[in-house]
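Biologist: I've got a model open on my screen and some questions about it. Can you walk me through them?

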Amino acid sequence: MARAEAAVGGSAFGSGRTGKGCGAVTGSGRAISQVSGPGRRCKLDVMTPSARLVVGTAGHIDHGKSALVRALTGIDPDRLPEEQARGMTIDLGFAHTQIENCQIAFVDVPGHERFIRNMVAGVTGIDAALLVVAADDSVMPQTREHAEVLSLLGIKQCVLVLTKMDLVDDEWADAVEEEATQLLKGLSIAPFAVVRTSVQTGRGLDDLRATLARLARERGQRPEPYSWFCLPIDRAFVVAGRGVVVTGTVSHGMVSRDDELELWPAGVRVRVRGLQSHHQSCEVAVGRRRLALNLAGLSREEVARGCTLATPGYLEPARCLEVWLSSLRIPGKTLRQRLRLRLHIATSEMLGELRLADKPQAGLVRGVFAQLVVAQPIVATWEQRFILRDEAGTRTLGGGWILRPVSRLWSAKRPPHLTGLQTLLEGSPLDRLEEVIRAAQWQPLSEAQLAVRAGLADGQEAARLGQRLCEECRVHLLDAASVRLYVHRDWLRLLADDLDRRLRHYLERNPRMPGLPRAQLVTWMPAACPERLRLALADWWLRQGAVCLEGDYLVPTGAMPAISPADQALLDAILQEFDAAAFQPPALSELKCWTPRNERRIRELVELGVARRNLVRIGPDLWLHERRWKELVQRVLEAMRQRGPLTVAEIRTLLNSSRKYVVPIVEQLDAAGITRREGDLRHPGPKADQVLQAPPGAA
C-alpha cells in the first residue's frame, strides 16, 4: 500500500510495511528480519511488563526527534516513503522498546508548522512528552508552539532533551538549557528531567532510557480515571484477508477479542476480531498503550482519523459543548464574543464557532466559560482537553477542557448557567453528578451517560452516587417500564408549584366539578417527560400531600370545591330525592328537578355528591344516598348473623326493592368485601366489620 500501513507502534496484522523496524513484513504478509536495535532480535519479552508509558515527541523541525526515537528503539518512525526521501516527518510515526521491563511506546510528531494538526493529534493521548531542542539551534518557533500545546493539553510530565550535543560545548548548552527551561516555566511546566544527548556518539541515551523507565513506573502507580474502554483512532487501513484495522493510544479501560464496541461519531456497532500491541497478538488489552484492533462489521470508508472506539452506551455525539478556556488569544483587532476557530480534540480536527459567556475585555482572556458549536458531531468526555487554532490553522490561539460534552445552544431565554459550570469545574464528583442531572431536566440518561458527563469512573459509580443523591433528597428517581429517570429537586418543585396553581385555576373555572378527574392527571405532566414515566411522576405528586384523592378526583388538601348558593340548593334537593327513594333510587331523568337544559348541571352535581361521599355509586348511572347505604349494610349483615347466608332473592325481600336494583347492590357489596359469594349464597365478607367507617362506593 502507498502509505506502508504496517507497524504503527501497535500492530502489523500482516500488512504491507517494507521499511525498517520491528514487525516489518513483506507485501505478501510473510515476516522478515526483525531488529530492535544493533544485533538484537525484536521478539518481545514473554514476561508481562511491570509498567507502560506512551511518550510523544515535540519540538521544532530538524531538531532530531525522529533520530532520537530511532536511536532509543531501533525503529524508524518515518514510515512514509516521502518522509524517508525528504528526511522530514510529515505524519505521525510510531515505535516502541522495552527498558528495565517497562514497555515504552513512542509517538513521533512532525515539527513543521504546516503539520501542527498532526502533532496535536499525536500528543493528545500521551502520558509524557520529550521536548526536543537542538543544542546548536536553541528554542525556535515550533518549539514554543509545541510546548504551548503540551501545556494546554495538561501534560504534566515533560522531559527536556537537548540533542546534537556533539556539535556544541557545555557552556553553549547551558545557555540553551536555560532558555528552554524558562520557556517551560512560563507555561507552568516543570521538567521531570533535563537530558543532554547525541545520537552520533550515544551520549545521554542511557540516562534518557533510565528516565523513561522511572516515568513509566511512576505512571503505573496512578489509577486510571475511567474503567470503560476508549480509543481515539489515529490510523485506519485495510489488511488483505483481515479487513479493517485501526490503531490509536488507549485512553482508558479494557477490551477483549470478540467484544462489541461503538464507533463514533456515527454510533456504528463493530466487533473486535483481533488485538495487537507492539506486534504481539493478545486476547485482552488493559490500560494505556498503543493498540491495533482488527474490526468486523465495518468498511474502510466508515472509519478515519478522528473517530473514537468506546464501550457501548457511554459516549454521545453532540455539536454543542460547554467548555472552560484556560487561555485564549483573540485574533484580530476587534474583541469579539463569537469567533470562528479550528478545534482539535483527541485525534479529530474541525471548524467551529466559539461563543464566550461574557464579552472579552482584552486580547488575552484566561479562565473563562464558553460554548463550542462545531460543524460536525463529535464525542467528548468531561475534562477532556482541546486546542483552539485560528480558522486557517496557522497558529495556536488557546485551549481548555470540556465541562459539558452535550449541551444546548445559549440564548436570551436560555443563558449560560454559570453556577452550574462552576460546579462542573471545581465541584466534587457528587456535586458534579447533581449538576448533570439538573441540566438534563426531563431527559432520561443512563448511568453510563451520567458517568461520562460528570467525570465518574463508570456507570456503577454513577448509580452509587445517584442513590446517595436520592437519599439526601437532592434528586428523585422515576423508574417504570424499564425506563429510569433522575429528576432534580428544582424541577420537581417547579412542577409541583405549577400543578397546584393549575388545579386551583381548574376548580375555579369548573365550580361544580368535584376535582380534577384522576385519569386526566397524566396529561398534565411535562411533555418533555418520557410518556412511560408520566404515571410515576403523577404518583410522586400525589405522595407529596399538597393534593388528595376524593373518589376518582383530585382536590387540594383541606379544600373542598366551592359552589354557588343556587348549585348548593339544587344539590340538597337531589340528595333529598335519593334519600326518599331509599333502595329504589331514581335515574337522573326521573329527578323532579331534571330538565333538558340542566341535565349536565345535575350530572355534575351528582358527581360532586359522590366525591363528597353524600352519594354512593353502585353501578353505571345508579346511586344510593350515603345514609341509605349504611342502613342497607347494617340490615344485610344483621340478617346474616341471625339467619346465615342469604340469596339475592332474600336480600331483595329484606330491602323491599326490585331485582333491577338489588343485583348491582349485591355486586357492590361483594366488590367492597362486605359480602362473599359462594354459589348462590352470600356470606359476611372480610371487611364486614369495617365498612361502616368508610363507604367503599365513595372510592
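What follows is a chat between a biologist and a modeller about this predicted model.

Biologist: Let's start broad. How many helices and strands does the protein have?

Modeller: Bear in mind that we're looking at a predicted model. Of its 699 residues, 56% count as buried. The secondary structure comes to 18 helices and 33 strands.

Biologist: How many salt bridges turn up in the whole structure, and which residue does D174 pair with?

Modeller: Side chains of opposite charge can pair when their charged atoms come close. A search of the whole structure gives 46 salt bridges. For D174, the closest N and O atoms of the pair are 2.5 Å apart, and the partner is R196.

Biologist: Why does that pair tie together separate parts of the chain, and how far apart are they in sequence?

Modeller: D174 belongs to a network of salt bridges that links D170, D174, E177, R196 and R203. Helix α5 (residues 170–186) holds D174 and strand β8 (residues 193–196) holds R196, so the pair joins parts whose separation in sequence is 22 residues.

Biologist: Is R196 buried or exposed?

Modeller: The cut-off for buried is under 20% relative accessible area. D174 has 42%, so D174 counts as partly exposed. R196 has 18% relative accessibility, so R196 counts as buried.

Biologist: What about R627: which residue does its side chain meet in a salt bridge?

Modeller: The N to O distance in this salt bridge is 2.7 Å, and the partner of R627 is D579. The pair links distant parts of the chain, 48 residues apart, with R627 in helix α16 (residues 626–643) and its partner in helix α14 (residues 565–581). R627 is partly exposed at 42%, whereas the partner is buried at 19%. So the name you're after is D579.

Biologist: And where does E607 lie, given its salt bridge with R617?

Modeller: The closest N and O atoms of R617 and E607 are 2.8 Å apart. R617 sits in strand β30 (residues 615–619), ten residues away in sequence, so the pair ties that strand to the element holding E607, which is helix α15 (residues 599–611).

Biologist: Now for empty space. Which element gives the most to the lining of the largest cavity?

Modeller: Rolling a probe the size of a water molecule over the atoms shows where empty space is left. The largest cavity holds about 50 Å³, and its lining includes I437, A440, R484, L485 and Y486. Both α8 (429–440) and β26 (483–488) supply at least two lining residues. The top contributor, with three residues, is β26.

Biologist: Which element supplies the largest share of the lining of the second largest pocket?

Modeller: That pocket has a volume of about 490 Å³. Of its 23 lining residues, the closest to the centre are R408, R414, A439, A440 and Q441. β24 (396–404) and α8 each supply at least two, but the largest share, four residues, comes from α8.

Biologist: Last one: is M525 buried or exposed?

Modeller: M525 lies in the loop between α12 (518–521) and α13 (534–543). Leaving aside neighbours within four places in sequence, M525 is in contact with L499, R534, L537 and A538. Its C-alpha is 7.0 Å from that of A538, 13 residues away in sequence. With 5% relative accessibility, M525 counts as buried.

Notes: Residues are numbered from 1 along each chain as its sequence is written. This is a predicted model: local features need pLDDT of at least 70, side-chain atom pairs count only at pLDDT 80 or more; totals for chains, interfaces and linings use all residues. Side-chain values use heavy atoms; hydrogens and water are left out. On a 1 Å grid over the protein atoms alone, a cavity is a set of points where a 1.4 Å probe fits but cannot get out, and a pocket is an open set with protein on both sides within 12 Å along at least five of seven lines; lining residues have an atom within 4 Å of a point. Grid points are joined across faces, edges and corners, and a volume is the space filled by probe spheres set on the points. Buried means under 20% relative accessible area, exposed over 50%, partly exposed in between (1.4 Å probe, protein chains only). Contact means heavy atoms within 4.5 Å. A salt bridge is a side-chain nitrogen of Lys or Arg within 4 Å of a carboxyl oxygen of Asp or Glu.
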